[in-house]
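Biologist: Please take one part of this model and look at it closely for a first-year student. I should like to hear how its strands are paired, and then what surrounds its charged side chains and open spaces.

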Amino acid sequence: MKRIALLCVITLFTSQLFAQIGKKVQFVGGARSLLAHSDFHSADDTVTAPKRTGGYALLDLGFKINPNEATEILGMVRIRNDFGGFWGGGVSFDVRQLYVRGVVADIVRYQIGNIDYKLTPYTFYNHNPDMLVPNTGTMGIKEGVVNYESFYRNHTWRQQGASVNFALQFPKVVKEIEFNGFITRLNPSSTNVLERLFGGGNVVFKQSKYFDLGVNYVSIFDLKGTALDSNVYANSVTSFTYDLRLPKEKFVVGIDGESGFSRTQQSLFPEKDLNDYFVHARAYFNLTKKDLKLDLGYMNNGADFRSFGAQSKRVDYSLLNNFYNRYTNQQIIRPVSMFDLYNDPMLYNKGITAGIMNYNPVINNVLPYGIATFNRQGGYLGISYSDPKKIIETNGKFYYLSEIRGQGTTNLRKFMMGQANASLHIENLAGWKKKLVVNAGVCYQNTSRSGELVFQQVKLNSTTLSAGIEGEIIKKLFLMGNVMMVQGKGNEQSPVRDADGVIINYTPFNVNGMETNISGGIRFDFSDKILFAVLYEYNQNNFVVNNPYQYKQLSILYVMKF
């Protein structure tokens, strides 16, 4: 009888304990499993093994703890097992995310640890200049995996540090003043490497529904005395943002933009200091009830404008592919392709790089660092439209730009880029309950420079095309198909830069090739956070003229988020 009574007490205590924990602890994270069979072929290649099978299973398990109403703690651990590892072989454990955040006195919000942060497009912003056309279906799934692995969300960068935010409200003159600040660590110190930090913030004055004004400042800087190196580096950007608008019942018209200046310094080499400015202004007109938007913009980004918080690229083209990085009997390096951008998360940069990163002129030669690209001036025109029934969604943008300062000559390059995307929701047109969407996008780029000498003459054209379809056969079961093509033809002079970003030489860049990727598959959605897909891709690439190749891949993918 005593044992029964003791068991009842223990059971009651345990149930109460778990009830309390349930209120304060949540499990968050995700899981993914991928099995892929690849078939790689190159003419006259007797060295590279043509077929490979591999994959992995991983679990991101996070504990979100709320010790009180004003505090949240998150710790997430990744467990990954590459297929083929047994009894613990091939298993890795990593801390994927860790932070503490909360509110002080119901006013000041803070976060310490991993922070996903951005400010403005010219100071601290994660642009995506290498994927210029939208994707649905098979390529959309792959892009989602890349973004999850690299922590890309709404143009933020994942950093380690601290952030703070608070706002003050006023009855008159100014409606609200918002303060944002952050400090992160780019690299730790060692014997010969100085501690490098990245910090800044902004103050945004929200005067009324008619006017906003922001003052922004960011700086990458070394801490003097943290290493034997006495050459202290700093890169700072100061900018002003504004939005002057007239909202009416049927439309909104306004002018917004960002302008400012940058300064790059090295304490031991003042002759290498760089100072420059940028100006970006845009006029816009929105028909709110028609969902029609028009904008006309002007930009002037100085040749020496440096803002690495906004000019760091997602793709690191200096890295080797993780799949078939060498091929042919000579085992030459296989350049990064569009196929790799959707299949190899290891190519992606996960933080700020204090330096000018490489880029692929075929993929984006007009704005390789996004709208914050230096040495560009000119205008652009944009339009987007969505009908009331959401049958058609379209948007397009056209840029006409030029250099501000010539490279290797006083002659200036001229740039043109046109983008257009459209989605047709057939289910809304026909009144079907099952989803059927057709999506298409195109981006055309042209770079040209005239001159009497051969090295002055530049003419490079590139086109990126994408088309996809996604249809629901039965409830939650979808058929998907995609076609993507990248074509480049012409010549360029690619700059060779030293560690300080100074051009020391030029390399002739000649291209006449095409990459085509055709994919299809089926997807079953268990819920909006769980999917299972079987995908097949065929890729043909002849950009390396003497060594074209074909790539086939069958993938089985399971993705869960919770």
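Modeller: Asn539 has Tyr551 as its bridge partner in strand 24. The model is predicted, with residues numbered from 1 along each chain as its sequence is written; local features need pLDDT of at least 70 and side-chain atom pairs pLDDT 80 or more, while totals for chains, interfaces and linings use all residues. Side-chain values rest on heavy atoms, with hydrogens and water left out.

The bridge of Asn539 belongs to the antiparallel pairing of strand 23 and strand 24 (residues 549–561), which spans 12 bridges. Strands (E, at least two residues) and helices (H or I, at least four) are DSSP runs, numbered from the N terminus, and two strands pair if DSSP finds at least two bridges between them. Strand 23 (residues 530–541) also runs antiparallel to strand 22 (residues 503–527), to which 12 bridges join it. A hairpin through 2 residues leads from strand 22 to strand 23, and Ser527 has Ile530 as its bridge partner in strand 23. In a regular strand, side chains alternate between the two faces of the sheet.

A similar description can be given for another group of strands. Strand 4 (residues 91–104) and strand 5 (residues 108–117) are antiparallel over 6 bridges, with Val103 partnered by Arg109 in strand 5. These two strands form a hairpin with 3 residues between them, and Ala105 in the turn has a positive phi of about 55°. Strand 5 pairs in the antiparallel sense with strand 6 (residues 157–169) as well, over 9 bridges; here Gln111 stands opposite Ser163 in strand 6.

Side chains also connect parts of the chain. The structure holds 27 salt bridges, a salt bridge being a side-chain nitrogen of Lys or Arg within 4 Å of a carboxyl oxygen of Asp or Glu. One of them joins Arg78 and Glu149, whose closest N and O atoms are 2.8 Å apart. Arg78 is in strand 3 (residues 71–82) and Glu149 in helix 2 (residues 137–150), so this pair links distant parts of the chain, 71 residues apart. Arg78 is buried, with a relative accessible area of 10%, and Glu149 is buried at 12%; buried means under 20% relative accessible area, exposed over 50%, and partly exposed in between, computed with a 1.4 Å probe on protein chains only. Arg78 and Glu149 belong to a network of salt bridges that also links Arg32, Asp60 and Arg96.

Strand 7 (residues 176–187) offers another example through Arg185, which forms a salt bridge with Glu195 at 2.5 Å between the closest N and O atoms. This pair links strand 7, where Arg185 lies, to strand 8, where Glu195 lies, across 10 residues of sequence. Arg185 is partly exposed, with a relative accessible area of 45%, whereas Glu195 is buried at 11%.

A contact of another kind involves Thr447, in strand 19 (residues 436–449). Its side chain meets that of Asn365 in a polar contact of 2.9 Å, that is, a pair of N or O atoms within 3.5 Å, one able to donate a hydrogen and the other to accept it, with residues adjacent in sequence counted only if both atoms are side-chain atoms. Thr447 is buried, with a relative accessible area of 1%.

The open spaces come last. A pocket is an open set of points on a 1 Å grid over the protein atoms alone, where a 1.4 Å probe fits, with protein on both sides within 12 Å along at least five of seven lines; lining residues have an atom within 4 Å of a point. The second largest pocket holds about 1,200 Å³ of space, a volume being the space filled by probe spheres set on points joined across faces, edges and corners. It is lined by 46 residues, of which Arg32, Arg80, Glu149, Pro345 and Met346 are the closest to its centre. Strand 2 (residues 51–68) gives the largest share of this lining, 5 residues. The largest pocket holds about 1,600 Å³; 48 residues line it, and Tyr125, His155, Ile371, Lys397 and Tyr399 lie nearest its centre.
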